[in-house]
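Here is a short report on a two-chain model. Look over the sequence and the structure first, then read on.

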Amino acid sequence: MTKRSLLKIVLLALVALLLLPGAALAQTPVTLMHGWTGADNTEMLNTVFARFNEENADGLVIEPTALQWDDLFTQLRLTAAAGNPPDVVMFHNTEVTGYAREGILLPVDDLMAAVDIDLTGVPQNIIELSKVDGEFYCLPGDLHPMNLYYNVDLVEAAGLDPDSPPTTGEEFMAWAEAMTITDDDGMVTQYGLDQPLGGSLGRWFFHTLLYQFGGSWLGEDGLAAVDSEEAHEALQYMVDLQNSGISSMGSGVGDISAFQNERAGMVLVGPWMVNSYIREGKNLGTAVMPTFGNVPATWTNTHCLALTRQDSDENYLNSMKVIKWFLENYAEPGIKVGIVPVLPVALADPYWTDHEFAQYYAPFVDSLSISVMEPAIEKYTSVFAFGGQSPILRNIEAAQAGDKSVEEALADMKAGIDEILLDE
Amino acid sequence: MSRPAPPKAKHATSPWISIKNDLIAYAFMAPYLFLFIVFLLLPAVVGVYASFTKWGIIGQPKWVGLKNYNKLINSDLFIESLQNTLYFVVLAAIPLIVLGFLLALLVNQKLRGRNIARAIVFLPHVVSVAAVGIIFQWILERSSGLLNYYLGLLGVNPPINWLGDPDSAMPAIAITTIWWTVNGNMIIYLAGLQDIPEDLYEAARIDGAGRWQELRYVTIPMLMPVNAFVIPLTVIACWRVFGQVFVMTRGGPQGSTFTVAQFIYETAFVNFNMGLASAAGVILMLITLSFTIIQLRAMKVI
């Protein structure tokens, strides 16, 4: 063997050494955009994704991007307009219709069959809300219904039985009144209920009452139906509750600090608060939303995963594999974020069933059957906005504050919603 | 005694040297100029163009002429946001300027511990708007907030719903803003105060001026160039108020703190009506420009 041949062999061997490990470690990224930025959710989710990256033998790697919800909606549109949206996006079912109609999302029926995603056991209303024009555009992962939290110490101090939480409006008022404490100067030192004026919590509570009294947001003509008798009953109930003196009346920006500071006995909010309340050392109880109206109902929304349209279809199947894995492994994010998985396989996961928090989540699971979502209309984010433009928030706040009568507030709410719906 | 003649300046008489000096100056400006054009001027020009279009980010903008401006003029929501913002400007801008000046006078005194005092007053300036908003939300909270706790000790009952009452929400945000940003004006006024030559005060004292006359006839006139900077900038900043409102009230309750900047944000990034949002942005720019020109004219700066 000549020196030249030897040199060639050595060089080839070096090239092979450099290339082979690369080939063995070839990774296929699946980009995923989500809005779970509250508390330590992003970090928690990253650990779940890291587990996928370790376990998965196909070389798929999830590359997540966490954004605040408002930023996510903007970025999703901007990246879609620029031709490089994330492969997978995780948001709410209520936002799917708008993005599907704009052509940002991909119908996934064929891909679901290809990776064998089984939605058996998922509530039918959630399945329907995952479809647009009869086709699946997203896969539901969880529900996060609004229910009752109570401070067991304050309940016991008021002489109430924490094992028998209220199930009706009358029982709820009895609890709230028993836990409202006034000092000698007439100053309220402890409230029965921590219910802010308006805000998103106000909107969700109004939604709950609206459906409990048999109403709905939209009529058959597709316009707002909030001038109905049922809507009147719902808002009047809210106003009366506010005026009864049992409520903290915090500001509208999700202000439920009175319950957090143990100056209110009850609060109505979603399961995402379980973690922080337990971490704060509260002696916590949870229960299904009491029935204030005629039928049981409570507000909920759901997180779902969707695929975006790409220039090339080469990563669609990989992205769907990621979604399938995530849905089947939803127990950990469910517990840690505070959301209730909807896939039976996730609900049966020992991580969910055996977890010490399972007792707090049980009423949330029980309430899945009475959970009602806001209508998943194309203009959902505009109509059901959290900001100052929202005719829903403005008019709930005005009625609660006594600045408008219930009739005026509902008439103005309908006018405002209709204006958004009819705006071209 | 005659003063010696100043040395003759070595003027660059050669046009080549002049051009070279100009080029050097432009080279120093170039990095900022590049950033200014790319990130400020071009987006502003595109924004003005977008204000005459219907555009939802996705797809091509469609020319609609003055339709967006017409819509804004007839929009109760936009008019309300202008009124709310003007109210905030009145509530916040005047205290920001007057208190900034008074604080600068205070920390300019030759007193013990003045450096510590300056640091303490300046400290809120380094806090982010999100943190300021959250802290003040807690302080102003109705049932368990710090402010209502102390007011309760003074006998104020029932507690005030600072951020939940339309009458008190905007003043509460103005107070938050003043606490947070007054120190910026203080620093600028302080720099202005320290630039006033001491011999002017000595001359005034020789003429029999007291403290008040010194302030009126020396300090305030000598700070006019600083005022020409501070007043328009403060008013412009107040017109653009957004962050603290977004964190503390999101424009509520009942839209009482809904400002123009939030109107623009929600129109653009919630409703994705970029044309209408751009038109609102152009109107906001024209308003701030008008205010600035009026102020500078009144101060005889232009």
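Which residue takes a positive phi of about 90° just after H8(B)? The residue is B:Gly208. The helix before it, H8(B), spans residues 198-206. H8(B) is hardly covered, with zero buried residues among its nine.

**Confidence**

This is a predicted model. It scores ipTM 0.77 and pTM 0.83. For chain B, the mean pLDDT is 89. In that chain, 96% of the residues reach 70 or more.

**Chain B as a whole**

Chain B holds 13 helices and two strands. Its C-alpha atoms fill a box of roughly 75 × 65 × 30 Å along the principal axes. The radius of gyration of chain B is 25 Å, whereas a compact globule of 302 residues would have one near 19 Å. Buried residues account for 35% of the 302 residues in chain B. Take the contacts in chain B with a separation of 6 or more: 69% of them join residues 24 or more positions apart.

**Domains**

Each chain has a domain assignment, set out below for chain A and chain B.

| Chain | Domain 1 | Domain 2 | Source of the split |
|---|---|---|---|
| Chain A | 14-143 + 301-369 | 147-300 + 385-422 | domain assignment |
| Chain B | 15-50 | 75-298 | domain assignment |

In chain B, 32 Å separate the centres of domain 1 and domain 2, taken over C-alpha atoms. In chain A, the centres of domain 1 and domain 2 are 31 Å apart, again over C-alpha atoms.

The two domains of chain A touch. Here 16 residues of domain 1 of chain A are in contact with 15 residues of domain 2 of chain A. On the domain 1 side, two elements give two or more residues: helix H14 (331-338) and helix H17 (358-366) of chain A. H17(A) gives the most to that side, with five residues. By class, the domain 1 side has 10 nonpolar, four polar and two charged residues.

**Helix H14 of chain A**

Why is H14(A) described as largely enclosed by the rest of the structure? The reason is burial: seven of its eight residues are buried, so the rest of the structure largely encloses this helix. The buried residues of H14(A) are A:Ala331, A:Pro333, A:Gly334, A:Ile335, A:Lys336, A:Val337 and A:Gly338. A lysine is thus listed beside glycine, proline and aliphatic residues.

What do these buried residues pack against? Their partners in chain A include three helices that come earlier or later in the numbering: helix H2 (41-55), helix H12 (274-279) and helix H16 (350-353). Helix H15 (344-347) of chain A is another partner. Two strands of chain A also take part, strand S7 (142-143) and strand S15 (340-341).

**Where the chains meet**

How many residues of chain A are in contact with chain B? The count is 38 residues of chain A, against 29 residues of chain B. Four helices of chain A each supply at least two residues to the side that touches chain B. They are helix H3 (69-82), helix H11 (257-260), helix H18 (380-383) and helix H19 (391-401). H3(A) brings the largest share of that side, six residues. By class, the chain A side has 14 nonpolar, 15 polar and nine charged residues.

Terms used: Residues are numbered from 1 along each chain as its sequence is written. Chains are lettered from A and ligands numbered from 1 in the order in which they are written. This is a predicted model: local features need pLDDT of at least 70, side-chain atom pairs count only at pLDDT 80 or more; totals for chains, interfaces and linings use all residues. The radius of gyration is taken over C-alpha atoms; the globule rule is 2.2 Å times the number of residues to the power 0.38. A residue is buried if 20 or more other C-beta atoms lie within 10 Å of its own, exposed if 12 or fewer, and partly exposed in between; C-beta atoms are placed from the backbone. Two residues are in contact if their C-beta atoms, placed from the backbone, lie within 7 Å. Domain bounds come from an automatic or database domain assignment. Ala, Val, Leu, Ile, Met, Phe, Trp, Tyr, Cys and Pro count as nonpolar, Asp, Glu, Lys and Arg as charged, and the others, Gly among them, as polar. pLDDT is the predictor's confidence in each residue, from 0 to 100.
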